[in-house]
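Visitor: Please show me the structure, and let me ask how each label is earned.

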Amino acid sequence: MPTTSRRLIPIAQPLISDEDKRRVLEVLDSGHFVAGPRVADFERAFTAYVGASHAVAASSGTTALMAALRAAGIGPGDRVVTTAFSYGATAATILSCGAEPVFADIDPRTYNLDPDSAAEALGRTSGRALLLVHLYGLPCAMDRFEALAGAHGLMVIEDAAQAHGAAFRGRRAGAFGRAAAFSFYPSKNMTTGEGGMLTTADPDVADRARLFVRGGERQQYLYEAEGYNYRMTEMAAAIGIGQLSRLDGWNDRRRRNATRLSEGLTGLDWLTPPVEPDGYTHVFHQYTVRVARGRDRLRRHLEEEGIGTRVYYPAPIHMTPFYRARFGESRCPEAVRAAEQVLSLPVHPAVTDADLDRIVETVRRFDPGQS
């Protein structure tokens, strides 16, 4: 239990406005609950925001990524090079297509897929696609990955589940690859309660994705393709429309909070704040530090003081029981090291300046001990 009487600072806090609630009540009064006009409005608004040509709403970030992979043409026998350091859905959606994930290591500074490690993986095996995860809200090195994809004849798929509004050289995540997928889970930079969105510049990909998430039907009971009920509800879209209108302001607050944390945490030889390389716009879905020693003790110390933390992720995907048993060892030492050292601190827009000062003071008061 916390030893402080001060308010708890949660690791995440969705912000639902009275207007969001009013929109949901309108849906409930309408009697039209699934894949109706509000979903279409949300798709149009999200398309314009990302700078894509098409958007397809889905029931979750996972189903959006499944739709992205399948609609892009990933299928049985294909190999998809991806990061070992992400949420498990990144790899599971590859498996759902009958394809095989090929795990590559991460850049230890950004925690994103390392282009050199991806190139090395492609030197060992053929590949059909690169599945890039913009982890913690920081885009991948898109110039290098586009060059790598071009050299090997691969398509690029973006897992942008944590990167709403993130940008590389002014171009937003979700506007680079053959297709991209976003999540609207409650902890994300914007939420619909649960939900996802696919974006693409290809009308054929959009059409196949729409069929996939709508039961394979263009007209009711006339099945044109394999499909499932992965539709977004009207209630979710009603929330999403309002959330999207406030996303940039929330991202600005996250970036301001992150700057304040980083300024306060500099000079500690055992802790490394996150980076934002030149030309990248980090939206800080998570503010993730690297703790060289005492990570788990620091986490307990913070939580005893009423400060929420989370380890994203405590094990690389390739080291978890299912993937290790099925695919054997993959050499990703930086992913393994990150899993042992990363810790995320509160950075969301509901964190106040006083909260930030308290987080910094509590971290700096911690004694990590000797290595």
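The talk below takes the labels one at a time.

Guide: One caution before we start: this is a predicted model.

Visitor: What makes strand 3 mostly covered?

Guide: Strand 3 spans residues 100-104, and 4 of its 5 residues are buried. Buried means under 20% relative accessible area, so those 4 residues fall below that cut-off.

Visitor: How do you know that strand 2 and strand 3 pair?

Guide: Pairing needs at least two bridges, and strand 2 (residues 79-83) and strand 3 share 5, so they pair. The sense is parallel. Val80 stands opposite Pro101 in strand 3.

Visitor: Why is the crossover from strand 2 to strand 3 called right-handed?

Guide: The chain leaves strand 2, passes through helix 4 (residues 89-96) and enters strand 3. With the strands pointing away from the viewer, that path runs clockwise, so this β-α-β crossover is right-handed.

Visitor: Which residues of helix 11 are buried, and what covers them?

Guide: In helix 11 (residues 333-341), the buried residues are Ala335, Ala338, Ala339 and Gln341. Their cover includes strand 14 (287-291), helix 9 (295-304) and strand 15 (342-345).

Visitor: What makes a space a cavity, and how many cavities of 30 Å³ or more are there?

Guide: In a cavity a 1.4 Å probe fits but cannot get out. A search of the whole structure finds 2 of 30 Å³ or more. The largest has a volume of about 140 Å³. The second largest holds about 60 Å³.

Visitor: What lines the largest cavity?

Guide: The lining has 20 residues, with Gln13, Ser187, Lys188, Arg254 and His348 nearest the centre. Helix 8 (residues 234-265) gives the largest share, 3 residues. By class, the lining has 10 nonpolar, 8 polar and 2 charged residues.

Visitor: Which class does Arg109 fall into in the lining of the second largest cavity, and why?

Guide: Arg counts as charged, so Arg109 is charged. The lining of the second largest cavity has 6 nonpolar, 4 polar and 1 charged residues. Tyr111, Leu135 and Pro274 are among the lining residues.

Visitor: Why is the space of about 550 Å³ called a pocket?

Guide: A pocket is an open set of points, whereas a probe cannot get out of a cavity, so this space counts as open. The largest pocket is lined by 27 residues, and Tyr87, Ser183, Tyr185, Lys188 and Tyr313 lie nearest its centre. Helix 3 (61-72), helix 4 and strand 8 (179-183) each supply at least two lining residues. The lining divides into 14 nonpolar, 9 polar and 4 charged residues.

Methods. Residues are numbered from 1 along each chain as its sequence is written. This is a predicted model: local features need pLDDT of at least 70, side-chain atom pairs count only at pLDDT 80 or more; totals for chains, interfaces and linings use all residues. Side-chain values use heavy atoms; hydrogens and water are left out. Buried means under 20% relative accessible area, exposed over 50%, partly exposed in between (1.4 Å probe, protein chains only). On a 1 Å grid over the protein atoms alone, a cavity is a set of points where a 1.4 Å probe fits but cannot get out, and a pocket is an open set with protein on both sides within 12 Å along at least five of seven lines; lining residues have an atom within 4 Å of a point. Grid points are joined across faces, edges and corners, and a volume is the space filled by probe spheres set on the points. Contact means heavy atoms within 4.5 Å.
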